[in-house]
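Hi everyone, thanks for making time this morning. Let me put the sequence and the structure up on the screen, and then I'll walk you through a few places in it.

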Amino acid sequence: MASPLFLLCFMLYISHSSQMILLPLTHSFSKTQFNSTHNLLKSTSTRSAARFHSKTKGQEVSLPLSPGSDYTLSFNIGSHPSQTITLYMDTGSDLVWFPCAPFECILCEGKPKTTKPPNITKAHTVSCQSHACSSAHASMSSRDLCAIARCPLDSIETSDCSSFSCPPFYYAYADGSFIARLFRDTLSVSSSLLLKNFTFGCSHTALAEPTGVAGFGRGLLSLPAQLATFNPQLGNRFSYCLVSHSFDEERVRRPSPLILGSYGGGGGEPAAFAYTSMLPNPKHPYFYCVGLVGISVGKQTIPAPEMLSRVNGRGDGGMVVDSGTTFTMLPASLYNSVVAEFDRRVGRVNKRASEVEVKTGLGPCYYLDGAVEVIPTVTLHFVGNYSNVVLPRKNYFYEFLDVGDGGRRKRKVGCMMLMNGGDEADLSGGPWATLGNYQQQGFEVLYDLENQRVGFARRQCSSLWDSLHHEKN
């Protein structure tokens, strides 16, 4: 039986004409572990909220947590022989880390494990003087780090601490944590692309986190940043296109392409992207923050709070584009206005399913018992000209069968897939909203680091994979 995680089988190729690496992200899905769609949705909505609120409380990093919505990649680390590692792909963090043998995970019962923790005894340690060490320790000075590593005072004063390795560092997130050390070794991206001296975190002890992470965020230690030192054309832009998935279906899906670099010939891409600028966040520099100015429900546009369109010096405001969070989180005032308008249109012909809302953590939900469905279009309005993103209906309104009365009665139900992130007063110290991967499905989402912008283009993602994959044959 397949794991509830999205299993991404990894293979690569390099197109010499377009400087591109194509990764087919194939995923399968099962709700068996959760017994019912209700339980799965409740677990996923709870974890989406936990991940969002960990960002606003100033945590060092928050990791992908939601069963049924996590995307993994596989690489090879080391040589003679190389060892396979399988990691979550996460645009919300900037470190590549994974469990190393021997590995102990506390409170990890029932959590899926991906690959056997590798033995990295041949890897090289990272100096306490390195920029990588400072980055892992939240930019502590090299002198402080060398002191923690027990480097002698005379060596610190003469800057001769190269033999002293970077001390262990601690990361905490919504429902777990780990301690790791930095190492360098060869990362095999494909048979023809090896990244030598790749820096990663190795953890021997973790709490509630048995799987590592490939951080794709903005930061010195992220996978794109390290790839850019080898080849700027590959590391300065990447995109993914998530094939639509459903929480009540159990089948293997077509691949979802993850693209490192450019495609389309001559470094260009189709002109269908709606671009919005990346906003710098001084408190969370690894986030891809963008500005949201409003949301339309049908023809009614609801303005967003002013802080959603910018980020201040304390790191407050903006919306994070995050591959590791399932559902989009909005501040309470905007969420409540969207719900009121949505309910005004849908609730007048469909009965509210309050019991389902309690079971799933989502809302509003409606019984769709043959009534005329009036499901309005939802549009996200980002900062910038021509930056409106019209969501497909299945991205924000999920329909499934509610099994009640001891399994004797089935009723069709629909739920809005946006979530309340809490009052603005409780969001200080972090982003005010998160754009989850469920709302991103069916779009190619482009992270253009060179031009500091994020682009959205409606795509048939399986067809995009077919067309790109065909180029190598």
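Let's begin with strand 21, where the side chains alternate along the strand. Val 389 and Leu 391 point to one face and are buried, while Asn 388 and Val 390 point to the other face and are not buried. Please keep in mind throughout that this is a predicted model.

Which strand does strand 21 pair with in the antiparallel sense, over four bridges? That is strand 20. Within this pairing, Thr 379 has Val 390 as its bridge partner in strand 21. The two strands form a hairpin, with five residues between them. In the turn you can find Gly 384, which has a positive phi of about 120°.

Now let's step out to the sheet that these strands belong to. Four strands make up an open sheet, and the order is 16-15-20-21, with antiparallel pairing. Strand 16, residues 300-303, and strand 21, residues 388-391, stand at the edges. Each of these edge strands has a single partner strand, so one side of each is left without a neighbour in the sheet. From one strand to the next, the twist averages 20°.

Inside that order, strand 15, covering residues 292-297, is joined to strand 20, covering residues 378-382. They run antiparallel, and five bridges hold the pairing. Val 297 is a handy residue to click on here, as its bridge partner in strand 20 is Val 378.

Next, over to a tryptophan. Trp 97 sits in strand 5. Is Trp 97 buried or exposed? Trp 97 is buried, with a relative accessible area of 1%, and the cut-off for buried is under 20%.

What stands opposite Trp 97 in strand 10? It is Val 213. Strand 5, residues 96-106, pairs with strand 10, residues 212-215, in the antiparallel sense over two bridges. Trp 97 also stands opposite Gly 201 in strand 9. Strand 9 spans residues 193-207, and its pairing with strand 5 is parallel, over six bridges. One more distance from this spot: the C-alpha atoms of Trp 97 and Gly 212 are 5.3 Å apart in space, although the two residues are 115 apart in sequence.

Strand 9 comes back in the next topic, the second largest pocket. That pocket holds about 260 Å³ of space. Its lining counts 14 residues, and the ones nearest the centre are Asn 197, Thr 199, Leu 220, Gln 226 and Thr 229. Which elements give two or more residues to this lining? They are helix 2, residues 131-136, then strand 9, and helix 5, residues 223-230. Strand 9 supplies the largest share, with five residues. By character, the lining residues divide into seven nonpolar, five polar and two charged.

Last topic: salt bridges. How many does the structure hold? There are 11, and I'd like to show you some of them.

Take Arg 314 and Asp 316, whose side chains meet at 3.3 Å, N to O. Arg 314 is exposed, at 59% relative accessible area, whereas Asp 316 counts as buried at 6%.

Then we have Lys 412 and Glu 399, with the closest N and O atoms of their salt bridge 3.1 Å apart. Lys 412 lies in strand 23, residues 409-416, and Glu 399 in strand 22, residues 397-404, so this pair ties together parts that are 13 residues apart in sequence. Lys 412 is partly exposed at 33% relative accessibility, and Glu 399 is partly exposed too, at 25%.

The salt bridge between the side chains of Arg 459 and Glu 444 comes in at 3.2 Å, N to O. Arg 459 is in the loop between strand 27, residues 453-458, and helix 11, residues 461-471, while Glu 444 is in strand 26, residues 443-448, so parts 15 residues apart in sequence are tied together by the pair. Here both Arg 459 and Glu 444 are buried.

And to finish the tour, have a look at Glu 341, Arg 344 and Arg 345, which are linked in a network of salt bridges. That's it from me, and I'm happy to rotate the view for anyone who wants another look!

Terms used: Residues are numbered from 1 along each chain as its sequence is written. This is a predicted model: local features need pLDDT of at least 70, side-chain atom pairs count only at pLDDT 80 or more; totals for chains, interfaces and linings use all residues. Side-chain values use heavy atoms; hydrogens and water are left out. Two strands pair if DSSP finds at least two bridges between them. Axes are lines fitted to C-alpha atoms, for helices over the stretch in contact, and angles run from 0 to 180 degrees between N-to-C directions. Buried means under 20% relative accessible area, exposed over 50%, partly exposed in between (1.4 Å probe, protein chains only). On a 1 Å grid over the protein atoms alone, a cavity is a set of points where a 1.4 Å probe fits but cannot get out, and a pocket is an open set with protein on both sides within 12 Å along at least five of seven lines; lining residues have an atom within 4 Å of a point. Grid points are joined across faces, edges and corners, and a volume is the space filled by probe spheres set on the points. Ala, Val, Leu, Ile, Met, Phe, Trp, Tyr, Cys and Pro count as nonpolar, Asp, Glu, Lys and Arg as charged, and the others, Gly among them, as polar. A salt bridge is a side-chain nitrogen of Lys or Arg within 4 Å of a carboxyl oxygen of Asp or Glu.
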